[in-house]
Structures are given as C-alpha cells and as structure tokens.
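User: Could you take a close look at the sheet in this one and walk me through how the strands and helices are laid out?

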Amino acid sequence: MEMKNKKELFGVVPIIPTPFSENEEIDEDALRRLIGFAIEGGVGAACLPAYASEFYKLTDEEKLQVVKIAVDHSAGRIQIVAQSNHPSLKVAIKLAQANVEAGADMISLAVPRIFNLPENSLKEYLSGFMQSIPDTPVLIQDFNPGGSSLSVGFIKELMDENSNFKYLKLEEPLCAPKFEDIIKTTEGKVGLLEGWGGLYMLELIPVGISGVMPGLGLCDILQKVFMLRKNGENEKAFNLFEKVMPQIFFSLQNMELFHYVEKELLIARGVLSNSVVRKATYKPDVSTMAYIKELNDRIVRLVNE
C-alpha cells in the first residue's frame with residue numbers, strides 16, 4: 001500500500017487547542033471554528049490533540065473525538081496530524097490505529113519522558129509504534145527538559161529502520177548545530193520542525209527546517225514570517241516577528257498559562273466565546289489578566305493593520 005502523505009509538511013503547523021463549554025465538556029462547534037480559522041490562516045496542516053490541546057486531560061475517547069471532528073471539517077483542505085501520545089506502547093498503538101482509521105493524514109508521537117529511559121528502550125518503543133502503522137507517515141516529537149533530546153545517531157538508525165519516520169519536532173534552545181547535523185546525517189530525509197511557540201524560527205529557517213509548530217492564535221502571522229524569511233525578505237520577517245515576540249515569550253512561561261492566553265487571544269480574534277481550561281489549571285490574577293488583554297489587543301491591532 002502506498003504511504004498516505006498527500007504533500008510535505010511545510011511552514012506553520014499550528015496546534016489546535018481543545019475548546020470546552022462552561023462545564024468542561026468538549027465544544028464541537030467551537031472546534032470546527034478553530035479548524036476553519038487554521039484553514040483561513042493559510043497553513044497546510046494542523047495538529048491535535050497535543051500538549052497545547054491539553055491532551056493529557058482528555059480521555060482516549062475524547063482524543064479520537066477531536067481528531068474525527070478535525071478530519072471531517074477540514075475535508076482535505078489541510079492535512080490533519082493526529083497526536084497519539086501515551087507512555088504505554090500498547091495504548092499509543094491503539095490510539096494511532098484509531099486515528100488512521102478516522103482519516104488522519106499523519107500521526108505524531110511524543111517520546112515518553114515521564115522517567116529517564118536509555119535509548120535502546122526508546123528505540124523499542126518508537127520502532128514498535130511506527131511499525132504498527134507502516135503506511136502512514138509519522139512525526140516524532142521530543143521535549144526533554146530534564147536532559148538532552150534524541151541523539152543524531154539514534155535518529156539516523158530510526159530513519160534507516162522505519163521508512164515512515166518522516167518528521168522530527170525538537171523543542172530546545174541552542175539547537176541550530178544539532179539541526180544542521182541531523183539534516184546532514186539524514187541527507188534531509190527527515191523533515192525538522194521547531195516547537196516552543198516558534199520562538200527560535202528566525203534562527204532555524206536558514207538552517208533548513210521544514211516548519212514550526214506554534215499555537216493557533218498566531219498561525220497566520222507566523223506563516224507570513226516563515227515565508228518572508230524563507231524568501232530572503234529578512235527585514236520584513238524580523239519586523240513582523242518582533243511585534244508578536246512579547247506575546248509568545250510571556251505565554252510560554254507556563255503551559256497552563258499558555259492555554260489561558262491562547263484561548264483569550266482566540267476570543268479577541270472572534271473565534272472562541274470562552275477561555276475555559278480544564279482543571280487543574282493556572283488561575284491568573286487580575287494584573288496578569290490585564291496584561292494578557294493588553295498583549296492580545298496588540299495582536300488584534302496588528303492583524304487589522
């Protein structure tokens with residue numbers, strides 16, 4: 001069977017947040033609006049349910065539910081990357097296969113980092129996962145705040161042994177030399193994406209990354225930044241990026257804060273009607289909420305310009 005990868009991931013691939021009603025149930029209509037916002041933003045793909053989607057607060061049934069809605073509403077207009085995270089390989093495979101059955105174009109998986117594991121254990125986990133969906137392209141995500149991310153040699157071995165290992169997302173500072181090494185070692189066969197809100201995108205686009213995976217609220221702006229930088233219009237890219245930098249930097253102080261800031265921004269942009277985040281979550285104080293509003297108002301003014 002031919003691998004179902006309609007087109008390459010390129011540019012901005014936003015993470016779709018999970019919208020909730022006031023009683024913390026998934027708001028399906030709001031989710032459809034979020035998918036529509038991504039399509040209108042000019043991106044080629046979107047990902048869910050990831051960390052920025054509060055995936056760790058969703059049941060397995062809810063994870064599949066949001067993927068089905070995204071696939072249905074996108075109707076092929078953008079690719080849907082279905083995150084299938086779970087520390088248990090058995091459960092992760094079950095999630096991934098259900099997402100493939102639901103019509104996801106690509107499957108994403110985070111390296112299990114709850115406890116420190118040697119690379120041979122990680123290789124068994126990741127290879128077993130990819131081999132369970134051999135006809136579907138896979139994006140591996142590695143965020144390891146307690147240590148280094150996957151080594152270059154390990155990445156090369158995974159690529160050689162798993163033909164559907166197509167993309168790698170790393171979230172760490174000072175990673176340009178490592179990205180260059182990965183591109184050279186894999187001969188560019190594994191596309192690289194930068195996470196962490198797109199914070200390091202201007203540094204890494206000239207290195208040769210395929211794209212970035214930020215939040216949804218800035219996806220249209222960051223898509224413009226990406227293309228400007230890619231096309232050598234560097235002054236315009238820097239000028240535009242500098243205008244959203246305070247919002248990105250502030251929101252990434254804490255993941256639970258990010259959920260609130262992101263949903264408040266989407267309210268300001270007319271997409272969501274509330275900023276409900278499932279408990280337990282960060283509760284900003286009055287002064288913090290005022291600053292968030294100030295930041296988001298600046299984004300709205302920028303868009304209107």
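Analyst: Quick bit of groundwork for the angles: axes are lines fitted to C-alpha atoms, for helices over the stretch in contact, and angles run from 0 to 180 degrees between N-to-C directions. Bear in mind that this is a predicted model.

With that in hand, helix α3 (residues 89-101) lies across β3 and β4, and runs at about 160° to β4. Helix α2 (residues 60-74) lies across β2 and β3 (79-83), at about 175° to β3.

Now the sheet itself. It's an open one, built from eight strands in the order β1-β8-β7-β6-β5-β4-β3-β2, with parallel pairing. Its edge strands are β1 (11-12) and β2 (45-48), each of which pairs on one side only.

Moving inward, β4 (residues 106-110) runs parallel to β5 (residues 138-142), and four bridges join the two. In that pairing, Ile 107 sits opposite Val 138 of β5.

Further along, β6 (residues 165-170) pairs with β7 over four bridges, again in the parallel sense. Here Tyr 167 stands opposite Gly 191 in β7. What about the side chains? In a regular strand they alternate between the two faces of the sheet. Strand β7 (residues 191-194) has Gly 191 and Leu 193 pointing one way and Leu 192 and Glu 194 the other, and all of them are buried.

One last stop, since you may want a pocket to look at: the largest has a volume of about 240 Å³. Its lining has 17 residues, with Tyr 51, Ala 52, Glu 171, Trp 196 and Met 255 nearest the centre. By type, the lining splits into eleven nonpolar, four polar and two charged residues.

Notes
Residues are numbered from 1 along each chain as its sequence is written. This is a predicted model: local features need pLDDT of at least 70, side-chain atom pairs count only at pLDDT 80 or more; totals for chains, interfaces and linings use all residues. Side-chain values use heavy atoms; hydrogens and water are left out. On a 1 Å grid over the protein atoms alone, a cavity is a set of points where a 1.4 Å probe fits but cannot get out, and a pocket is an open set with protein on both sides within 12 Å along at least five of seven lines; lining residues have an atom within 4 Å of a point. Grid points are joined across faces, edges and corners, and a volume is the space filled by probe spheres set on the points. Ala, Val, Leu, Ile, Met, Phe, Trp, Tyr, Cys and Pro count as nonpolar, Asp, Glu, Lys and Arg as charged, and the others, Gly among them, as polar. Two strands pair if DSSP finds at least two bridges between them. Contact means heavy atoms within 4.5 Å. Buried means under 20% relative accessible area, exposed over 50%, partly exposed in between (1.4 Å probe, protein chains only).
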